[in-house]
Amino acid sequence: MKKIFLLFAAAVMAAGVASAQDINKAIELANSGNEAFQMGEYALAIDAFKESLSIAEGLGEEGAEHANTCKTALCNLYLAHAKSLIKADDFDGALAKLDETIATAEGYGEAATVEDAKALIPQVYMQKGNTAYKAKDMATAIAAFTKATELNPANGDAYLVLGRAYAATGKVTEAVAAYEAAAANGEEAAAKKQLSNLFLKKAQACSKAKDNQGAIDNALKANEYLENANAYRIAAGAAQKMGNNAKCIEFYEKYLQIKPDAKDAAGVTFTIAALYQQGGNNAKAIENYEKIAADAQYGASAQEQLKVLKK
């Protein structure tokens, strides 16, 4: 641990033996406080400096310089203690100690320490939230990230992780609001990606539950934020189940535009061709069958349909 306090040299003051004894006692206490700090004994160090300060203040002008040194040391001690608690992941303890640091520093007129402590508080809430999120304690994570956004409403990253925590608990409305706030505060790309994924998952859930219209609506909502090939595929499958061949073709064609090398590209193209054929659009049916005429799996069937269509 680095030393942050200067050792105090004993001095005999010209004001008399009693004063000299008092100031030397104050200096001894300050030095013992410094030693306690070096060992990480913050409570002992603080008590020692408080007692040293009390003695120095009792000496009036003769102890004023030492008293000011003790005040600065105490502010540094409180802040150092708070930082050690942050490092140990004792976030609640750190927050309490930062409040104590601010109160002490304000009382002693140490403006720089006040600002340093205040700047740390939002960071502590972010660390607390991230730790809770990793532990899947979403209630604590949400509370911590919310506090971070309250302390710094322009913190886009805080809104982003808040959105993730809400999404993990299924609170879609709250997650959307958090992501949109993130987008408005410098995290647009990341927020839109998360929003797209959020609605894609909803589309998948609707598809699994045989809610075809819900699958389409959420798939299209996902693509409003960030176009996704899988969203079009889900929408196409749902449209086909609903008998809406025109929309099915539209969604499948967009799917292939984004993902032309998809593993199921040949099968999707065959479906598009068949739906065009059913709708009487032979030209588009031929166009699509010809794309897969040489395919190992669908080629033979495509060639048979081409023979029929070209008669």
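Let me start with a word I will use a lot: buried means under 20% relative accessible area. By that cut-off Y42 is buried, because its relative accessible area is 11%. Keep Y42 in mind. It comes back later.

Good morning. One caution first. This is a predicted model.

Now the overall picture. The chain has 15 helices. It has zero strands. What is the radius of gyration of the chain? It is 35 Å. The globule rule gives 19 Å for 311 residues, so this chain is more spread out than a compact globule. The box says something about the outline too. Along the principal axes, the C-alpha atoms fill roughly 125 × 35 × 25 Å.

How much of the chain is buried? Of the 311 residues, 43% are. As for contacts, take those between residues at least 6 apart in sequence. Of these, 46% join residues at least 24 apart.

One distance to look at on the screen. K128 and Q303 are 175 residues apart along the chain. Their C-alpha atoms are separated by 63 Å. K128 sits in helix α5, which covers residues 111-134. Which residues does K128 contact, leaving aside its neighbours within four places in sequence? They are F91, D92, T140 and A144.

On to the interior. The largest nonpolar core holds 80 residues. Six of its members touch the most other members: L98, F145, F251, Y255, I272 and Y289. Take F251. Residues up to four places away in sequence are not counted here. F251 then touches I216, L220, Y232, A235, A236 and A239. There is also a second, separate core, with 16 residues. Among them are Y42, A45, A56 and A67.

So much for the cores. Next, the rings. The count comes to four aromatic pairs. In one of them, F37 and Y42 have ring centres 6.0 Å apart. Stacked or edge-to-face? The planes are at 70°, so this pair is edge-to-face. Y42 we have met as a buried residue. F37 is buried as well, with a relative accessible area of 3%.

Elsewhere, F270, Y289 and Y298 form one aromatic cluster. Y289 was also on the list of residues that touch the most other members of the largest core. Y255 was on that list too. What sits over the ring of Y255? The charged end of R233 does, 6.0 Å from the ring centre.

Back to Y42 once more, this time from the side of a histidine. H81 lies in helix α3, residues 64-87. H81 counts as buried, at 17% relative accessibility. With neighbours within four places in sequence left aside, H81 is in contact with Y42 and K97.

Last topic, the cysteines. How many disulfides does the structure hold? Zero. C206 is in no disulfide. The nearest cysteine sulfur to that of C206 belongs to C248 and is 18 Å away. Why is there no bond for C248? Its closest cysteine sulfur, in C206, is too far away. For scale, a disulfide needs the two sulfur atoms within 2.5 Å. Both cysteines are buried: C206 has a relative accessible area of 14%, and C248 has 0%.

To recap. A chain of 15 helices, more spread out than a compact globule. A largest core of 80 residues, and a separate one of 16. Thank you.

Notes:
Residues are numbered from 1 along each chain as its sequence is written. This is a predicted model: local features need pLDDT of at least 70, side-chain atom pairs count only at pLDDT 80 or more; totals for chains, interfaces and linings use all residues. Side-chain values use heavy atoms; hydrogens and water are left out. A nonpolar core is a set of buried Ala, Val, Leu, Ile, Met, Phe, Trp, Tyr and Cys residues joined through side-chain atoms within 4.5 Å. Buried means under 20% relative accessible area, exposed over 50%, partly exposed in between (1.4 Å probe, protein chains only). Contact means heavy atoms within 4.5 Å. Rings of Phe, Tyr and Trp (its six-membered ring) pair if their centres lie within 6.5 Å; planes under 30 degrees apart count as stacked, over 60 as edge-to-face and the rest as tilted. A charge sits over a ring if NZ of Lys or CZ of Arg is within 6 Å of the ring centre and within 35 degrees of the ring normal. Helices (H or I, at least four residues) and strands (E, at least two) are DSSP runs, numbered from the N terminus. The radius of gyration is taken over C-alpha atoms; the globule rule is 2.2 Å times the number of residues to the power 0.38.
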